[in-house]
Amino acid sequence: MFVFVTFWYNLNMKIVVIGSGKLVKKITNTLSPDIKIYGIFSRNKITSTKLAKKVNAKIYNSLDEIKSDKEEFDFAYVVTPHTSHFEYAKFCLINDINVLVEKPLVTTLKDLETLIELSKTSKAYISEAMWSFICDPLNEAKKFLRNKKIKEANLNFSIFKPFFNKKDRLFNPSLKGGALFDIGIYLVTIAYMFFGVPLSTSISSVTKKKIDVIDTITLNYNGFKINLYTSFYGFKDTMKVVGDGFILSSNVLAHAPNKIKIKTKDEIRYIKGETSYNEEFRKVHTDISNGLKFNSRISLLDNLNIMKIMEELDEKIIR
């Protein structure tokens with residue numbers, strides 16, 4: 001059994017958060033003492049002021065104020081609606097501010113190509129906040145699957161959002177809402193991590209007012225296929241890879257599992273490890289401390305390959 005345990009000592013990490021929505025509120029309740037939110041910027045001054053007071057953080061009224069303070073914190077963390085990620089990531093790269101951007105990094109291939117060009121001259125670090133890529137058990141599973149003969153894989157991730165609410169970003173076309181870009185991207189990422197770029201793709205979607213609420217996706221590889229299912233109508237988060245002489249599976253939090261089961265004819269073993277916001281921030285801090293400009297687990301080339309798959313699938317959805 002593989003178990004990943006990491007110890008951290010007095011990092012005194014400082015983060016500036018761009019955004020003040022539900023995810024930011026969740027993160028503020030889970031941060032460990034070695035990670036401090038130094039400042040918060042949001043266009044919603046009511047929520048940002050409330051959050052800043054809660055965590056004793058500075059309130060920023062403009063991006064220029066963040067730029068002036070860039071020597072005071074380790075990196076900015078962008079937690080805003082999908083379609084604004086590019087704007088903030090671009091600002092950070094231009095101004096040499098290290099930045100971690102919530103998934104998806106951007107929503108179009110064109111925007112990603114622009115960030116890649118900017119990264120060549122920027123001194124800043126940039127990474128997508130993608131749990132699947134930083135998850136130790138998934139990375140160990142990737143090593144196990146190397147050179148294995150695969151028969152079929154099934155990846156599922158659904159969340160319970162059955163009621164159509166125009167105020168919810170998940171159901172807003174202008175904010176790139178929909179199952180594919182909000183949760184399906186995890187499954188596409190895992191498939192890419194394990195097996196690379198597929199030979200071809202197909203997708204069948206259930207849509208509601210131009211929003212894909214259910215997506216059934218097939219990624220075709222040489223000699224096998226991967227089935228992906230993502231939906232706003234249930235709770236399901238499972239992974240199963242069937243190969244020649246083995247079954248690799250996880251039935252809880254499969255998009256970033258803390259335990260993966262590997263069953264062969266001779267044994268059953270487990271890969272265990274923690275994935276959390278604290279772990280993610282620490283990995284980013286380590287990368288920056290080591291002088292890296294990109295995440296040691298996910299490069300912009302990886303993002304580019306994944307975005308090509310995502311854009312291809314998105315264009316096939318009939319709305």
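**Salt bridges, cysteines and the surroundings of Asn-156**

At 42% relative accessibility, Arg-319 counts as partly exposed, and in this predicted model the residue takes part in a salt bridge with Asp-212, for which the closest N and O atoms are 3.7 Å apart. Because Asp-212 belongs to strand β10 (residues 211-221) whereas Arg-319 lies in the segment after α10, the pair ties together parts of the structure that are 107 residues apart in sequence. The acidic partner, Asp-212, is buried, with a relative accessibility of 1%, so that the bridge joins a buried carboxylate residue to a partly exposed arginine. Neither residue is confined to this single pairing in the description of the model, since Asp-212 and Arg-319 are linked with Lys-176 and Asp-314 in a network of salt bridges.

A search of the whole structure finds 17 salt bridges, and among them is the pair formed by Arg-297 and Asp-136, with the closest N and O atoms 2.7 Å apart. Arg-297 is placed in the loop between α9 (277-289) and α10 (300-316), and Asp-136 is placed in helix α7 (residues 136-145), so this pair ties together parts that are 161 residues apart in sequence. With a relative accessible area of 26%, Arg-297 is partly exposed, whereas Asp-136, at 9%, is buried. A further salt bridge is formed between Glu-267 and Arg-269, where the separation of the closest N and O atoms is 3.6 Å; Glu-267 is partly exposed, its relative accessibility being 40%.

As regards covalent cross-links, a disulfide is a bond between the sulfur atoms of two cysteines, and a pair is counted when these atoms lie within 2.5 Å. By this rule the count for the model comes to zero. Two of the cysteines may nevertheless be described by their accessibility: Cys-92 is buried at 1% relative accessibility, and Cys-135 is likewise buried, with a relative accessible area of 0%.

Attention may finally be given to Asn-156, which lies in strand β8 (residues 150-160) and which, at 12% relative accessibility, falls under the 20% limit and therefore counts as buried. When neighbours within four places in sequence are left aside, Asn-156 is in contact with Leu-187, Tyr-229, Lys-236, Asp-237 and Thr-238.

Key: Residues numbered from 1 in each chain as written. Predicted model: local features only at pLDDT ≥ 70, side-chain atom pairs only at ≥ 80, totals over all residues. Heavy atoms only, no water. Salt bridge = Lys/Arg side-chain N within 4 Å of Asp/Glu carboxyl O. Helix = DSSP H or I, 4+ residues; strand = E, 2+ residues; numbered from the N terminus. Buried < 20%, exposed > 50% of the residue type's maximum accessible area, 1.4 Å probe, protein only. Contact = heavy atoms within 4.5 Å.
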